[in-house]
Amino acid sequence: ELDVVSSSNADTVLEIEKQCCIQYLTMITSKYSVVRMGEAGNYEGDISNNVYWKVGQESKLKIGYGCSFRCGHIVVQRNANALIGDSCVFYNSEINMENDAYMLIGAETKMQTGVYCKVDCRVQQGGTLKIGSRCIFSNGQIFVWKNAVISIGKNFSIEKGYGLHALPHTNILIGDDCMFSWEIQLLSSDAHSIFDVITGEKINT
């Protein structure tokens, strides 16, 4: 079962290439001007609605060839762009993108966990998340705060219990071919503001 409602008064694009497998799907598309479903797609509906997508006005969600989704959600708010490469796998993954955010996930990347775990990925307003091809993520958190950047190269892997946090106006940059163990925590700041006692100006990020 797949219900799509489109409208001609918005600039939002949802594009899904062919041979994708999507289970437990509810698609919220009331503001779309363009909706394209590729050939040979496999779409399965279920009353549990364990997967849903919601895309805001003037936004773009593009999913490549041969991707697989099961249990989770993708929310792309106004003027945000999410591009997912070919042959990616998402299982128990939640992706939330705020206004003006950007996300690029390379081909053959996997975000998959056990039944009672999840990958929690959030990109706040103006944030950027770039993940290279053939990366593997177990259950954990990826938080890109306002106007921050997380950039991860190709062939990256990380085990369960991690937290990658780029705080406002900061960057986390990880190169190619990196392998992280379990319960790794990366923060681009200690999240405590420091102020000049004379001027009152904040002097750290």
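Two strands count as paired if DSSP finds at least two bridges between them. Keep that handy for the first exercise; the model here is a predicted one.

**Exercise 1.** Find out which way strand 17 and strand 20 run, and which residue of strand 20 stands opposite V149.

*Solution.* Start with the bridges: 4 of them join strand 17 (residues 149-152) to strand 20, and the two run parallel. With a cut-off of at least two bridges, the 4 found here make these strands a pair. Now look across from V149: you land on N171 in strand 20.

**Exercise 2.** Sort the side chains of strand 20 (residues 171-174) by face.

*Solution.* Here's the background: in a regular strand, side chains alternate between the two faces of the sheet. Strand 20 does alternate. I172 and I174 point to one face and are buried. N171 and L173 point to the other face and are not buried.

**Exercise 3.** Work out what the ring pair of F137 and F156 ties together.

*Solution.* First, the geometry: the rings sit 5.5 Å apart centre to centre, with 45° between the planes, a tilted pair. Next, place them: F137 is in strand 15 (residues 136-137), while F156 is in the loop between strand 17 and strand 18 (157-158), so the pair ties together parts 19 residues apart in sequence. Then check burial, where the cut-off is under 20% relative accessible area. F137 comes in at 0% and F156 at 1%, so F137 is buried and so is F156. Finally, zoom out: ring pairs link F137, F156, Y162 and F180 into a cluster.

Methods: Residues numbered from 1 in each chain as written. Predicted model: local features only at pLDDT ≥ 70, side-chain atom pairs only at ≥ 80, totals over all residues. Heavy atoms only, no water. Buried < 20%, exposed > 50% of the residue type's maximum accessible area, 1.4 Å probe, protein only. Phe/Tyr/Trp six-rings, centres within 6.5 Å; stacked < 30°, edge-to-face > 60°.
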